[in-house]
Amino acid sequence: MDSLTNVLGGRGSYPISAVIIAQDDEVRIAKAIQSCRLFADEVVVIDGGSTDGTVQLSESLGCRVFVNPWPGYAKQREFGVAHAVHDWVFLIDTDEVVSDELARDILERKPGLTDATVAFSLYRIGDFLGKWLDKGEYLVRLYNRKEYSIRNSLVHEIPEVAEERTVKLNGTLWHQGFRSINDHVARFNKYTDLEAETAFASGKPFKLSRLLLRPPARFVQKYFLHGLFKKGISGFAVSVFWVMYEFMVGFKHYELHSAGKLARHNEAGQAEKKKKSKGERSYVVQ
């Protein structure tokens, strides 16, 4: 940052550390960093081992940068929070941009951050194929680390805060997550792996009814209830991708459940094969 005062925070105000986890995203990270300038007293970037210019660019923009080999989303996020100077933390990704209205609202609230048990959620809207989607989601991104911690999950890592302890911020967090169809499919494959593994690890049983019902229900939700039919081919594509997402999570969950049965089946088959081979006769003509 520009000075030690910026890092330590001004008088009469509660300083905020913006924390970004990054990996090979020099194209987008500058916008994310700059969008936090109005309210953040420091920006901490945790890099998982980028091979592009992410680290150098972040340092040139005045960020405190730490390199930590990728341990998973939740652990990387917690690593960043632990290395922040301030207790009030704002979480942002490299492909997200804070709107001017949201930045001003956070800035105006800084003098009143006296209650560490209160956390703040913001409205995030994503893009797809060049269009912003109307329906977004509220996510807790501003909180006090002394009071709350990141949920230890493989995917969808968020601060664990009860809804009644959250306050909604004004403004928008723009999520510029779309890069290409190929990239979207690759990320869906990764995220569905993590979601299926999370469900399996928690002991959640596989249900055929869930596999059959959730995908079409998700399409109805996205395309009709969320109004994506108004977005033309972009809205239709997003809705179809959500159907794919639900199917992939379901099938991968089933695969994990059946893996143990398959292993036992194969072991039994090998044992039976060995048993037969020991007692079988040879019918080769001598």
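What covers the buried residues of α5? In this predicted model, the cover includes β1, β4, β5 (96-98), β6, β8 (137-144) and β9. The buried residues themselves are L102, A103, D105 and I106. They span an arc of only 160° around the axis, so they sit on the same side of α5. The face turned away from that buried side carries the exposed residues D100 and E108. An α-helix has 3.6 residues a turn, so residues three or four places apart point the same way.

The chain as a whole gives the setting for this helix. Its secondary structure amounts to eight helices and nine strands. Of its 286 residues, 43% count as buried. Contacts between residues at least 6 apart in sequence were also examined. Of these, 73% join residues at least 24 apart.

The largest nonpolar core comprises 31 residues. Within that core, F39, V45, F90 and V98 have the most contacts. Seven elements are named below as contributors. Two or more residues each come from β1 (16-22), α2 (29-34), β2 (42-47), β4 (88-93), α5 (100-109), β6 (119-128) and β9 (166-175). Apart from this core lies another, of 17 residues. Its members include I46, V81, Y148 and L194. In soluble globular proteins, nonpolar side chains tend to be buried together.

F90 illustrates the packing. Residues up to four places away in sequence are not counted here. Beyond them, F90 touches I16, S17, A18 and V19, among others. The list also includes C36, F39, V98 and I106. L122, R141 and L142 are further partners of F90. F39 and V98 are thus both contacts of F90 and, like F90, among the residues with the most contacts inside the core.

L169, in strand β9, gives a second view of the surroundings of α5. L169 counts as buried, because its relative accessibility is 4%. Neighbours within four places in sequence are again left aside. L169 is then in contact with L102, D105, I106 and R109. F120, S121 and L122 are contacts of L169 as well. Of these partners, L102, D105 and I106 belong to the buried residues of α5. L169 and V140 are 29 residues apart in sequence. Their C-alpha atoms are 9.8 Å apart in space.

The cysteines were considered next. A search of the whole structure finds zero disulfides. C36 cannot pair, because the closest cysteine sulfur, in C63, is 8.9 Å away, too far for a bond. A disulfide would need the two sulfur atoms within 2.5 Å. C63 likewise is in no disulfide, and its nearest cysteine sulfur is that of C36. C36 counts as buried, because its relative accessibility is 0%. C63 also counts as buried, at 9% relative accessibility.

Helix α7 (residues 208-225) holds K222. K222 is buried yet has no salt bridge. The nearest side chain of opposite charge, E137, lies 7.0 Å away. A salt bridge would need a nitrogen-oxygen distance within 4 Å. Leaving aside neighbours within four places in sequence, K222 is in contact with G227, L228, S239 and W242. Q221 is found in α7 too. Q221 is partly exposed, with a relative accessible area of 25%. Q221 and W242 are 21 residues apart along the chain. Their C-alpha atoms are separated by 9.9 Å.

Backbone angles single out two loop residues. Most residues other than glycine have a negative phi. D24 is not a glycine, yet its phi is positive, at about 50°. D24 sits in the loop between β1 and α2. With 34% relative accessibility, D24 counts as partly exposed. L129 also has a positive phi, near 50°, in a residue other than glycine. L129 is found in the loop between β6 and β7 (131-132). L129 is partly exposed, with a relative accessible area of 38%.

Note on methods
Residues are numbered from 1 along each chain as its sequence is written. This is a predicted model: local features need pLDDT of at least 70, side-chain atom pairs count only at pLDDT 80 or more; totals for chains, interfaces and linings use all residues. Side-chain values use heavy atoms; hydrogens and water are left out. A nonpolar core is a set of buried Ala, Val, Leu, Ile, Met, Phe, Trp, Tyr and Cys residues joined through side-chain atoms within 4.5 Å. Buried means under 20% relative accessible area, exposed over 50%, partly exposed in between (1.4 Å probe, protein chains only). Helices (H or I, at least four residues) and strands (E, at least two) are DSSP runs, numbered from the N terminus. Contact means heavy atoms within 4.5 Å. Lys and Arg count as positive and Asp and Glu as negative; His and the chain ends are not counted. The arc is that of the directions from the helix axis to the C-beta atoms.
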